[in-house]
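Biologist: Please take a close look at the aromatic pairs in this model and at what surrounds them. I would like the setting in the chain as well, in one connected account.

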Amino acid sequence: MRTWLYRMLAACGGLLCFGLPALGEVSVTKSGPTRCVLENQFLQVTVDAAAGGRVVSCVHKRTGGPLTYTASATQAPGGSGLALDRFWGDRQLRGFEKTPYTLDVAPVAGGKGTVTVTGELSGLRVRKRFFLQENVSSLFVDYAITNEGD
């Protein structure tokens with residue numbers, strides 16, 4: 001029996017969809033010691049903890065098209081991708097781009113797959129929680145930045 005969602009769902013490109021069939025499940029798979037893949041029927045997202053805890057690949061599954069751009073080392077010496085951590089102010093705090101983050105993969109629960117990465121540099125701790133939900137074409141990111149230093 002098909003279940004239908006009768007609520008608005010935001011789709012890629014800002015389109016609004018109604019009455020979408022509830023087809024998808026969410027999966028979270030570790031692909032090596034530092035990488036994890038979150039996937040639902042809309043997106044396949046690869047998070048790399050060794051590359052500053054950023055999204056190194058985001059693919060729109062219906063079109064097969066990438067939603068991220070991989071820049072060359074000349075174009076972006078610190079790397080490219082989504083959720084790349086760079087801090088600016090009186091001084092620039094660089095280094096998070098190449099700082100290894102810890103990776104924590106939570107079991108899929110309630111139609112939601114979650115990956116958390118945490119990195120620390122110069123007393124500043126960054127925690128990012130990435131998650132996908134069933135039947136939703138959005139990648140959600142929850143950021144926490146804590147100053148543990150002087």
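Modeller: The chain has eleven strands and zero helices, so the order of elements from the N terminus is β-β-β-β-β-β-β-β-β-β-β. This is a predicted model, and every value here is computed from it. Of the 150 residues in the chain, 37% are buried. Taking contacts between residues at least 6 apart in sequence, 39% join residues at least 24 apart.

The structure contains two aromatic pairs. A pair of this kind is described by how far apart the ring centres are and by the angle of the planes. One pair is made by Phe 96 and Tyr 101, with 6.3 Å centre to centre and 70° between the planes, an edge-to-face arrangement. Phe 96 is buried, because its relative accessibility is 0%, and Tyr 101 is buried too, at 6% relative accessible area.

The other pair is Phe 131 with Phe 140; these ring centres are 5.1 Å apart and the planes stand at 15°, so this pair is stacked. Phe 131 counts as buried because its relative accessible area is 13%, under the 20% limit. Phe 140, at 29% relative accessibility, is partly exposed. The ring of Phe 131 has a further neighbour: the charged end of Lys 112 sits over this ring, 4.2 Å from the centre.

The strands around the stacked pair belong to an open sheet. Four strands build this sheet, in the order S8-S9-S10-S11, with antiparallel pairing. The edges are strand S8 (102–109) and strand S11 (140–147); each has a single partner strand, so one side of each lacks a neighbour in the sheet. From one strand to the next, the twist averages 15°. S8 and strand S9 (residues 112–121) run antiparallel and are joined by six bridges. In one of these, Ala 106 has Thr 114 in S9 as its bridge partner.

Between strand S10 (124–133) and S11 is a loop that holds Asn 135. This residue is buried, because its relative accessibility is 8%. The side chain of Asn 135 makes a polar contact of 2.9 Å with the side chain of Gln 41.

Back at the edge-to-face pair, both rings have a glycine among their contacts. Gly 52 touches Phe 96 and Tyr 101, and also Asp 85, Glu 97, Thr 99 and Lys 128, leaving aside residues up to four places away in sequence. Gly 52 is located in the loop between strand S5 (43–48) and S6, and is buried because its relative accessible area is 2%. Gly 52 and Gly 78 are 26 residues apart along the chain, and their C-alpha atoms are separated by 9.5 Å.

A second glycine can be set beside Gly 52. Gly 64 lies in the loop between strand S6 (54–60) and strand S7 (65–66). Gly 64 is partly exposed, because its relative accessibility is 49%, whereas Gly 52 is buried. From Gly 64 to Leu 43 the distance is 9.3 Å, C-alpha to C-alpha, with their positions 21 residues apart in sequence.

In short, the edge-to-face pair is Phe 96 with Tyr 101, and Gly 52 touches both of these residues. The stacked pair is Phe 131 with Phe 140, and Lys 112 places its charged end over the ring of Phe 131.

Key
Residues are numbered from 1 along each chain as its sequence is written. This is a predicted model: local features need pLDDT of at least 70, side-chain atom pairs count only at pLDDT 80 or more; totals for chains, interfaces and linings use all residues. Side-chain values use heavy atoms; hydrogens and water are left out. Two strands pair if DSSP finds at least two bridges between them. Helices (H or I, at least four residues) and strands (E, at least two) are DSSP runs, numbered from the N terminus. Axes are lines fitted to C-alpha atoms, for helices over the stretch in contact, and angles run from 0 to 180 degrees between N-to-C directions. Buried means under 20% relative accessible area, exposed over 50%, partly exposed in between (1.4 Å probe, protein chains only). Rings of Phe, Tyr and Trp (its six-membered ring) pair if their centres lie within 6.5 Å; planes under 30 degrees apart count as stacked, over 60 as edge-to-face and the rest as tilted. A charge sits over a ring if NZ of Lys or CZ of Arg is within 6 Å of the ring centre and within 35 degrees of the ring normal. A polar contact is a pair of N or O atoms within 3.5 Å; within protein, one must be able to donate a hydrogen and the other to accept it, and residues adjacent in sequence count only if both atoms are side-chain atoms. Contact means heavy atoms within 4.5 Å.
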